[in-house]
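User: Could you take me through the pockets of this protein in some detail? I would like to know what lines them and how the charged side chains around them are arranged.

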Amino acid sequence: MARIHDIVVDCAHPASLARFWAAALEDYAVAPYDEAELARLRRLGFAGPEEDPTVLVEPAHGGPRLFFQLVPEPKAGKNRLHLDLSAPDAETEITRLTGLGARVTERHPEWTVMIDPEGNEFCLAER
């Protein structure tokens, strides 16, 4: 049986969107860049992690990774797939996420629809 290995997000600037999601999600972090990875980027013509066309965000304790990849076209239309997040205090979490660059687009009694800095929808519910 298959299992989820990566959730891939097409985006305009992988480094900044990866940083947003690493900060947004508990126990996730941008994968570190060692000397071998930095050398690989230089061979491909990229000055460093900020220009990396593919940035990985990893969970500390298992679960799917988030993989952000550069695409030339802008986002168009509603996401066909989105993440549902939960937090013990939704209002506090909405404030924190908007401080990171997210925006609220809709409020419902049980959940709030938000968008990340590149316009990808996600939902937040109180746990």
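Analyst: Happy to; what follows is a walk through the two largest pockets, and then through some elements and salt bridges of the fold. Please keep in mind that this is a predicted model.

Let us start with the largest pocket. Its volume is about 460 Å³, and 23 residues make up its lining. Nearest the centre of this pocket lie V8, V9, D10, N79 and N120. Three elements each give two or more residues to the lining: strand 1 (6–11), strand 4 (65–70) and strand 8 (121–126). Strand 1 is the main contributor, giving five residues, the most of any element. As for chemistry, the lining of the largest pocket holds 13 nonpolar, three polar and seven charged residues.

Strands 1 and 4 are also tied to each other by a salt bridge. D6 and R65 meet through their side chains, at 2.6 Å from N to O. D6 belongs to strand 1 and R65 to strand 4, so the contact links distant parts of the chain, 59 residues apart. How accessible are the two partners, D6 and R65? D6 has a relative accessible area of 25% and is partly exposed, and R65, at 23%, is likewise partly exposed.

Now to the second largest pocket, which has a volume of about 170 Å³. Its lining consists of A24, L25, E26, L85, S86, A87, P88, E93, R96, L124 and R127. Strand 5 (83–87) and helix 3 (90–100) each supply at least two of these residues, and strand 5 has the largest share, with three. Sorted by type, the lining comprises six nonpolar residues, one polar and four charged.

Two of the charged lining residues, E93 and R96, deserve a closer look. Their side chains form a salt bridge of 2.7 Å from N to O. Both sit in helix 3, three residues apart, or about one turn of the helix. That spacing suits a contact along one side, because residues three or four places apart in an α-helix point the same way. The partners differ in burial: E93 is buried, with a relative accessible area of 16%, whereas R96 is partly exposed at 33%. The cut-off between these two classes is 20%.

Another residue of this lining, A24, leads us to helix 1 (residues 14–24). Why is helix 1 described as largely enclosed by the rest of the structure? Eight of its eleven residues are buried, so the helix is largely enclosed. The buried ones are P14, A15, L17, A18, F20, W21, A22 and A24.

A search of the whole structure finds seven salt bridges, and one more can be compared with the pair in helix 3. In helix 2 (residues 35–43), E37 and R40 are also three residues apart, about one turn of the helix. The closest N and O atoms of E37 and R40 are 2.7 Å apart. Here E37 is partly exposed at 22% relative accessibility, and R40 is partly exposed at 27%.

To finish, there is a hairpin to look at. Strand 6 (residues 103–107) and strand 7 (residues 111–115) run antiparallel and are joined by four bridges. One of the pairings sets E106 opposite V113 in strand 7. Three residues make the connection between the two strands of this hairpin.

Technical notes
Residues numbered from 1 in each chain as written. Predicted model: local features only at pLDDT ≥ 70, side-chain atom pairs only at ≥ 80, totals over all residues. Heavy atoms only, no water. 1 Å grid on protein atoms, 1.4 Å probe; cavity = no way out; pocket = protein on both sides within 12 Å on 5 of 7 lines; lining within 4 Å. Points joined across faces, edges and corners; volume = space filled by probe spheres on them. Nonpolar A, V, L, I, M, F, W, Y, C, P; charged D, E, K, R; others polar. Pairing = 2+ DSSP bridges. Buried < 20%, exposed > 50% of the residue type's maximum accessible area, 1.4 Å probe, protein only. Salt bridge = Lys/Arg side-chain N within 4 Å of Asp/Glu carboxyl O.
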